[in-house]
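This briefing sets out the fold and the charged contacts of one protein chain for the bench reader. Please keep the sequence and the structure in view while reading.

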Amino acid sequence: MSFCSSLRPSLCSSPNHILAKTLQRTFSSTPSPLDWLAPKRGHNQKNRKGRPRVRTGGSTKGTTVVWGDYGIRMRDHDRRISAKQLQIGADAIKKRLRGQRYRLYTRVCANIGVYTSGNEVRMGKGKGSFDYWAARVAVSRILFELKGDLHEQVVRDAFRLAGNKLPGLYEFVRKGDPPVMGITKVEAGTTLEEMQRPRLKLPMDITAGRLPATTPP
């Protein structure tokens, strides 16, 4: 047995073999799927807390089902949901629909950094260190959509389990349901022009008459 054969193969590789390893492509032309639980840029700057506002200017973006057949929508008020909570809600849906053919769409992204200072730390001295990623979910916003050859009651049960895991109150929506502007559903008979119309100023005697009084006028 030669000395070279007794050594590891990596030490006895020929120069041509080493050159072939270095010329291998280290990338793929197929784009990698984006992580919806963390932004691509990372936490290079500290985000402010912020609060999503109720849209009253006529925008109904993100309140209807676009890609799937069914969806789950926030209905009480805006919240900040952590990436871990969103992952638990998605896992609850996947566990309920295990073995069935479907596709799950996520309509929110955890792109807001949350920073904490820890317990018993004096006030001041900055925002603190990075803790976790979160998403600002406005009222009437779609979180998940589902598409597939599934019965509606099965999808309702899956979204019910996800809503129990997530903070807040949610409702089940179908594709084609009316959009929501703020907290008002734009249904038949209700138009955006009527909702955007400025409020009428009533006379003083009518508005004053609405106040409760102990004696009649």
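The points below cover model confidence, overall make-up, the sheets with their helices, the salt bridges and one loop residue.

The structure is a predicted model, with an average pLDDT of 80 over the chain. The chain contains 6 helices and 9 strands. Two open sheets are described here, one of 3 strands and one of 4 strands. A search of the whole structure finds 8 salt bridges, and several of these are described individually below.

**Confidence**

- A pLDDT of at least 70 is reached by 76% of the residues.
- Over residues 3-13, pLDDT stays under 50. For this stretch the model has 4 contacts beyond four places in sequence.

**Overall make-up**

- The chain has 217 residues, of which 28% are buried.
- About 16,000 Å² of the chain is exposed, and carbon and sulfur atoms supply 52% of that area.
- Among contacts with a separation of 6 or more, 80% are between residues 24 or more positions apart.

**The three-stranded sheet and helix α3**

- In this open sheet the strand order is β2-β5-β4, with antiparallel pairing.
- Strands β2 (79-82) and β4 (112-116) are the edge strands, and each pairs on one side only.
- From one strand to the next, the twist averages 50°.
- Strand β5 spans residues 129-137 and is joined to β2 by 4 bridges, the two strands running antiparallel. Within this sheet, Ser82 has Ala134 of β5 as its bridge partner.
- Helix α3 (residues 83-96) lies across β2 and β5. The helix runs at about 75° to β2.

**The four-stranded sheet and helix α4**

- The second open sheet has the order β3-β6-β1-β7, and its pairing is also antiparallel.
- Strands β3 (102-106) and β7 each have a single partner strand, so one side of each is left without a neighbour in the sheet.
- The twist in this sheet averages 20° from one strand to the next.
- Strand β1 (residues 70-74) pairs with strand β6 (residues 142-148) over 4 bridges in the antiparallel sense. Gly71 has Glu145 of β6 as its bridge partner.
- Helix α4 packs on this sheet and touches β1, β6 and β7. The direction of α4 makes about 150° with that of β7.

**Salt bridges of Asp157**

- Asp157 forms a salt bridge with Arg96, and the closest N and O atoms are 2.7 Å apart. Asp157 belongs to helix α4 (residues 152-165) and Arg96 to helix α3, so this pair ties together parts that are 61 residues apart in sequence.
- Arg96 has a relative accessibility of 30% and therefore counts as partly exposed.
- Asp157 also forms a salt bridge with Arg160, with the closest N and O atoms 2.6 Å apart. These two residues are separated by about one helical turn, because they are 3 residues apart in helix α4.
- Arg160 counts as partly exposed because its relative accessibility is 44%.

**Salt bridges around Lys185**

- Lys185 forms a salt bridge with Glu171, the closest N and O atoms being 3.7 Å apart. This pair links distant parts of the chain, with Lys185 in strand β9 (residues 184-185) and Glu171 in strand β7 (residues 170-174), 14 residues apart.
- At 36% relative accessibility, Lys185 falls in the partly exposed class.
- A network of salt bridges links Arg73, Glu171 and Lys185.

**A buried loop residue, Ser140**

- Ser140 is located in the loop between β5 and β6.
- With a relative accessibility of 5%, Ser140 is classed as buried, because buried means under 20%.
- Leaving aside residues up to four places away in sequence, Ser140 touches Gly62, Thr63, Arg73, Met74, Val180, Gly182 and Ile183. One of these, Arg73, belongs to the salt-bridge network with Glu171 and Lys185.

Definitions and conventions
Residues numbered from 1 in each chain as written. Predicted model: local features only at pLDDT ≥ 70, side-chain atom pairs only at ≥ 80, totals over all residues. Heavy atoms only, no water. pLDDT = per-residue confidence, 0-100. Contact = heavy atoms within 4.5 Å. Pairing = 2+ DSSP bridges. Axes fitted to C-alpha atoms, helices over the stretch in contact; angles between N-to-C directions. Buried < 20%, exposed > 50% of the residue type's maximum accessible area, 1.4 Å probe, protein only. Areas by Shrake-Rupley, 256 points an atom, 1.4 Å probe, with all protein chains shown as cover. Salt bridge = Lys/Arg side-chain N within 4 Å of Asp/Glu carboxyl O.
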